[in-house]
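Subject: Structure for you to look at

Hi,

Here is the structure I promised to pass on. Please open it next to this email and follow along.

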Amino acid sequence: MRFPLFFGVSDRPSSAVPPSGAEQGVADADPPPRQPDGANLSGMSLVAGLPLAVPSPGQAFWLALFLLAVAAYWYLSRRAHALGESADPWADPTAVENTLILAADQHAPMTIMAVAPPLSPVSPNAAPERAPLGGSCALLDETRLFFQAGGPLPEGALADWAGKNARVHMRVAVGDAARLLRFDTVILRGRNDARRPLLELARPERLERFERRAFPRVAPGPDDVAALGLWAWDAALPAQPPSQPAESGELLFARHPAGNARVPSLRLADLSARGLGLCVPKRLLASVPETCIVLICPGAAARGPGLLWLACRRRHATERSGGQGVAGLLVLHWGRTSRADEPVVWQDAAESPVPPLLRWVLKRRAEEAHL
């Protein structure tokens, strides 16, 4: 019988002295009796007297190296998982510093809400103690952030804000995109500086991005829009937009492949399922009316049927770098036509997404995710 090598027994013939002839004959004639059931025939008894194999130095080295690699992989994977759970890029001091500098340079719009403590971590459901206060970021130093109120405050209001825990929302333009950020802080004190109400805030240690809309915002591709137009619309009279928008008023802004020197330029900066952002020259940003009608002619990449008409209300007007500004619009009504002179049948969009915009957004999101 030959044992496998892992038992430590060589399969070469044994060098033991063979039995004598008589013993051989007896062995051949009378084999040893078989042990009865219940005897100790475990696997350990079979190899109890056999020498175990000792690995060579080379084998021991590779075995130790393998075990060390397994231990290192386990440690690094656990460490990466722990870092991934605790990573917070908006708590990085450099990122916070650069963002606050941008906010001060742009006089970024800000809204302050006094809330009851505790404020850490940021809780979006914290109940405000009083009405929010709107304004902008005025100044920045090593320890403080100065908030300038958008208008005069009642006597004693600045003193009432002092010492309050506050949550601050602000919009900062980074490149061609506007980011909504919020942070928690403490209002140190309030004062009137050259008849401007100022609140001194403790500089935040971290920022947090957030979205106010239920649907994401995307940037259109370069070939998604063939032409754009914007007309003024008086939402008070009549309540419904005109059925012939192109003939009801003056064309204020336009974008056409052939160009139009008579009308200021217009570009679609971003869009969501409920609104859009239009990029216009900064000097004409105030000329975007409070309510307006926008015409979008989809390009070859968008593959949208016909023309899309949007009756909108302006939500904000934000200045950008490079002499440009963005007007944020909320869609109130929408309609589709096959030609510009065709009457528009308007549909309400006050409480629901605009189907053509929703399909457009979902398509762009899928392209960005490489689906």
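Start with one term: pLDDT is the predictor's confidence in each residue, on a scale from 0 to 100. You need it here, as this is a predicted model.

**Confidence**

The chain has an average pLDDT of 75. Of its residues, 68% score at least 70. Two weak stretches deserve a look. Residues 118-128 stay under 50 in pLDDT, yet the model gives them 20 contacts beyond four places in sequence. Residues 82-87 are also below 50. That stretch has zero contacts beyond near neighbours in sequence.

**The cores**

Which residues have the most contacts inside the largest nonpolar core? They are Leu276, Val294, Ile296, Leu310 and Val331, in a core of 29 residues. As background, nonpolar side chains tend to be buried together in soluble globular proteins.

Several elements give two or more residues to this core. Among them are the strands β8 (225-232), β12 (291-298) and β13 (307-319), plus the helix α7 (355-368). Strand β14 (324-337) is on that list too. The biggest giver is β14, with four residues.

Now click on Val331. Leave aside neighbours within four places in sequence. Val331 then touches Arg274, Gly275 and Leu276, as well as Leu310, Ala311 and Cys312. Its other contacts are Ala349, Val354 and Leu357.

There is also a second, separate core. It has 25 residues, including Leu133, Leu158, Val172 and Leu201.

**Cysteines**

How many disulfides does a search of the whole structure find? The result is zero. Take Cys292 as a case. Its nearest cysteine sulfur belongs to Cys312 and is 5.2 Å away. A disulfide needs the two sulfurs within 2.5 Å, so Cys292 is in no disulfide.

Is Cys292 buried or exposed? Cys292 has 0% relative accessibility, so it counts as buried. Cys297 is at 23%, and therefore counts as partly exposed. The cut-off for buried is under 20%.

**Two polar residues**

Ser136 lies in strand β2 (residues 133-140). Its relative accessibility is 17%, so it counts as buried. Not counting residues up to four places away in sequence, Ser136 touches His107, Ala108, Pro109 and Met110. It also touches Phe146, Phe147 and Gln148.

Thr291 sits in strand β12. This residue is buried, with a relative accessible area of 8%. What is Thr291 in contact with, leaving aside neighbours within four places in sequence? The list is Ala232, Trp233, Asp234, Ala235, Cys312 and Arg313.

**Aromatic pairs**

The count of aromatic pairs comes to two.

One is Phe61 with Trp62. Their centres are 5.4 Å apart, with 70 degrees between the planes. That pair is edge-to-face. Phe61 is partly exposed, with a relative accessible area of 48%. Trp62 is at 58% and counts as exposed.

The other is Trp231 with Trp309. Here the centres are 5.7 Å apart and the planes are at 40 degrees, so the pair is tilted. This pair links distant parts of the chain. Trp231 is in strand β8, Trp309 is in strand β13, and they are 78 residues apart. Both Trp231 and Trp309 are buried.

Best wishes

Methods: Residues are numbered from 1 along each chain as its sequence is written. This is a predicted model: local features need pLDDT of at least 70, side-chain atom pairs count only at pLDDT 80 or more; totals for chains, interfaces and linings use all residues. Side-chain values use heavy atoms; hydrogens and water are left out. Buried means under 20% relative accessible area, exposed over 50%, partly exposed in between (1.4 Å probe, protein chains only). A nonpolar core is a set of buried Ala, Val, Leu, Ile, Met, Phe, Trp, Tyr and Cys residues joined through side-chain atoms within 4.5 Å. Contact means heavy atoms within 4.5 Å. Rings of Phe, Tyr and Trp (its six-membered ring) pair if their centres lie within 6.5 Å; planes under 30 degrees apart count as stacked, over 60 as edge-to-face and the rest as tilted.
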